[in-house]
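Me: I'd like a close look at a single part of this model, whichever you find rewarding to follow. Please start with how the elements are labelled, then take me through it step by step.

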Amino acid sequence: MPEVSTGVSIGSNIFEEANRQLIICNACRYCEGFCPVFRAIETRRQFGKGDVFYLSNLCHDCRACYYACMYSPPHEFAINIPQILSEARVASYQHWSWPALLARSFKERRVRTLLAGSVIALVAVLAMILVPADRLFAAQTGPGAFYRIVPYLAMVIPAVTLVFYGFLIWSRSALRFWSETTDTKTEAGGLREIVTALADAMALRYLKGGGPGCTYPEESPSESRRVYHALVFWGFLADFISTTLAYIYQDLLHWLPPYPLTSGPVVFGSLGGIAIIIGVTGLIGLKLKSDRAPEGAGAYGLDYTFLIVLGLTALTGMLTLVLRETSALGSLLIAHLALVAALFLTAPYGKFVHALYRTLALVKYHAEEKQAARSV
């Protein structure tokens, strides 16, 4: 067994430390029923960089293992799986991202802040320069009111560009994930494994913490983190449906916004916005109260940046809806568009990427389970 240390070694030896802790876990197996991480551990004897990256993204940070472990600090083995996997997870985000300069935002708050802040400032400055004051600060009503402030193409072209850019980065990252975490002996996930993984991700199945809920923010199990996550996820999906319906209304049916309060885009957008605001507020509240001992330092700031930008995006969207017939529409619309741009530009370089890697990790996990069942 590797040499025992008196604490978690985070830094250049992150993979050595992860290997040390995971080998001890593999010998103990007390937590094998908690989540897929420990079942995946049992199929390995040593844990290289690819294994650690895979397991770190399979981990849902429920922290049940930390509080159940008899070898967690202050024991001399200093087993802290949530912390070491959290640090490895952030390292994997940076490793698989591109270009390297922007990938630094995963670990450097100033790069992350500069990236989001620059986009928001750019949109605001362009609006002040290009949008006449009599449109920006005056009430706009009737069909096409939004486009009298910001032209349709000025909204669509940057949005499509950012989505396409993010898709390219995520596609490249997904390929790197699969190539670096899967050896030639492992089967690729088929349709069944993909569907099962998507179902697990959408149901947030492994945020149950082994059954009664995550031991988060404190040691007692609670479903609150899973509920707030679900609100954010399904709220985001509702907003996507709202955007899709708005496209159908405008470009296929030729109905210009703003739409009635009872219309599909407004109903789904409102439900999504409210769900995101509640979910983000709840997650930030849990994070503020959470035990810092099992938490990776790099993930802390990454979570806050994502939650704050997402929450403000939803909030300005709801305010734009509520005050759309007042003179505040122009300012709120610009603020909302700036935050949307910041959210999508930082999507490949922030916590948003966990949705991609966790789903891929679940696909790989189910493929390994299928292969193991065949070999029995």
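Reply: Happy to! Helices here are DSSP runs of H or I with at least four residues, and they are numbered from the N terminus. Please keep in mind that this is a predicted model.

Let's take helix α12 and begin just ahead of it. The loop between α11 (224–252) and α12 holds P258. The peptide bond that joins P257 to P258 is cis, and its omega is near 5°.

Now for the helix and its partner. Two packed helices are described by the angle between their axes and by the distance between those axes. For α12 (residues 264–289) and α13 (residues 297–322) the angle is about 145°, and the axes are 9 Å apart. Their crossing is left-handed. On the α12 side, the contact involves V266, G269, S270, G273, I274, I276, I277, V280, L283, I284, K287 and L288. These meet a set of α13 residues that includes Y300, D303, Y304, L307, I308, L310, G311 and A314. By type, the residues of this contact comprise 17 nonpolar, four polar and two charged.

Two residues of this contact, I276 in α12 and L310 in α13, also turn up in a nonpolar core of 12 residues, which includes L343 and F352 as well. That core is separate from the largest one, which has 46 residues. In soluble globular proteins, nonpolar side chains tend to be buried together.

L343 falls within α14 (residues 329–346), a helix of 18 residues. From its first C-alpha to its last, α14 reaches 26 Å, close to the 26 Å expected at 1.5 Å a residue. Buried means under 20% relative accessible area; 13 of the 18 residues of α14 are buried, so this helix is largely enclosed by the rest of the structure.

Helix α13 leads on to the largest core too. Within that core, V37, F38, Y54, L55, L58 and I81 have the most contacts. Helix α13 is among the helices that each supply at least two of its residues, along with α1 (14–28), α2 (36–41), α3 (49–58), α5 (81–96), α9 (152–181) and α15 (354–375). With eight residues, α5 gives the most to this core.

So where does this leave our chosen part? Helix α12 packs against α13 with a left-handed crossing, and α13 supplies at least two residues to the largest core, while I276 and L310 belong to the second one.

Definitions and conventions. Residues numbered from 1 in each chain as written. Predicted model: local features only at pLDDT ≥ 70, side-chain atom pairs only at ≥ 80, totals over all residues. Heavy atoms only, no water. Axes fitted to C-alpha atoms, helices over the stretch in contact; angles between N-to-C directions. Left-handed = near helix turned anticlockwise from the far one by under 90°. Contact = heavy atoms within 4.5 Å. Nonpolar A, V, L, I, M, F, W, Y, C, P; charged D, E, K, R; others polar. Expected span 1.5 Å × (residues − 1). Buried < 20%, exposed > 50% of the residue type's maximum accessible area, 1.4 Å probe, protein only. Core = buried A, V, L, I, M, F, W, Y, C linked by side-chain atoms within 4.5 Å.
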